[in-house]
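Work through the exercises below with the sequence and the coordinates at hand. Each task is followed by a stepwise solution.

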Amino acid sequence: MSLDQVLTVIVNGLTTGSIYALIGLGLTLIFGLLDIVNFAHGQLLLLATYSTFALYNATGSYWLAVACVAVAATAIGAGLDVVLFARARAAPITGLLISVGLIAIVENVLHEVWGPTPRDIPPPVSGVIEFGFVRLPATRLFVIVATIVILVAIALFLKRTKAGVALRAAGESPEAASLMGVSVERIRHLAFAVGTLLAALAGALIAMILPVEPVLGDSLLVVGFIALIVGGAGSPLGAVVGGLLIGLIESIGISLWSGTAAQVLTFGLLIVVFYFRPTGIVSTAQGSRL
């Protein structure tokens, strides 16, 4: 392949990998603190995507639509944990059933309101950006840059704010955090809210590069879980590394062979990591999360 083609493959991989990283990170924040595998994460992402689409059509402003959806998603995430998942802490199977029920509810709502027709959101940027003789789509570069900004913001939140430090402490040891005066239950609500916010932001970005339809949530959820497992369950950095790696592998597979080959490579990566490093690429110590 020429240099132009190689860079295109890399940019495409980093673009989809950025989406996967945000999805995996959201799942990690929820799983790392709540021990909940939220199977409705993909549907919440799509709900945010369709809501962004609707608000964009109503207001004509992409940024206003994303801001409104981000606020709503944060509130919905906290509300879901307070009303539903908090009541299932002692019985993980109940939390699983709740998330499965949410999948059915959200999918039916999306079908009834928007139907099966694929949708996309006109991006706030367009055209191509030239680097010497290499031309790259501005939309994909925007997704990469936006993801970097989001990841930096999350890192600063976790390391520099009282709420973020409390969240990490509760992830390490809820009992010790509670003895230090941290309201562990409130922090759990916060973790679910931030995880849902990340899903919403991923949804707002993915509609720029892929047609969105109600069934897309299932495939995104699967890849998000693979990113979580490959990177290292409970590790935010691992979720990001896993998501980016899967995006690059998919891009290489599609470029050299086909979409089917890309899926085979992705699951092949999962098998290899399971065999040689079961704890993930960025493993966490036993009992240590976030």
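Buried means under 20% relative accessible area, exposed over 50%, and partly exposed in between (1.4 Å probe, protein chains only). This is a predicted model, in which local features need pLDDT of at least 70 and side-chain atom pairs count only at pLDDT 80 or more, while totals for chains, interfaces and linings use all residues. Residues are numbered from 1 along each chain as its sequence is written, and side-chain values use heavy atoms, with hydrogens and water left out.

**Exercise 1.** Classify Ile-252 as buried, partly exposed or exposed.

Step 1. Locate Ile-252: helix α10 holds this residue; helices are DSSP runs (H or I, at least four residues), and strands (E, at least two) likewise, numbered from the N terminus.
Step 2. The relative accessible area of Ile-252 is 39%, so this residue is partly exposed.

**Exercise 2.** Find the residues of the largest nonpolar core that touch the most other members.

Step 1. Such a core joins buried Ala, Val, Leu, Ile, Met, Phe, Trp, Tyr and Cys residues through side-chain atoms within 4.5 Å.
Step 2. The largest one has 71 residues, and Ile-19, Leu-45, Tyr-62, Leu-198 and Leu-205 touch the most other members.
Step 3. Helix α8 (residues 184-206) contributes the most to this core, 12 residues.
Step 4. Apart from this core lies another, of five residues, including Val-11 and Leu-136.

**Exercise 3.** Which elements have the lowest and the highest mean pLDDT?

Step 1. pLDDT is the predictor's confidence in each residue, from 0 to 100.
Step 2. Strand β2 (residues 134-137) has the lowest mean, 82, and helix α3 (residues 62-83) the highest, 96.
Step 3. For the protein, the mean is 90.
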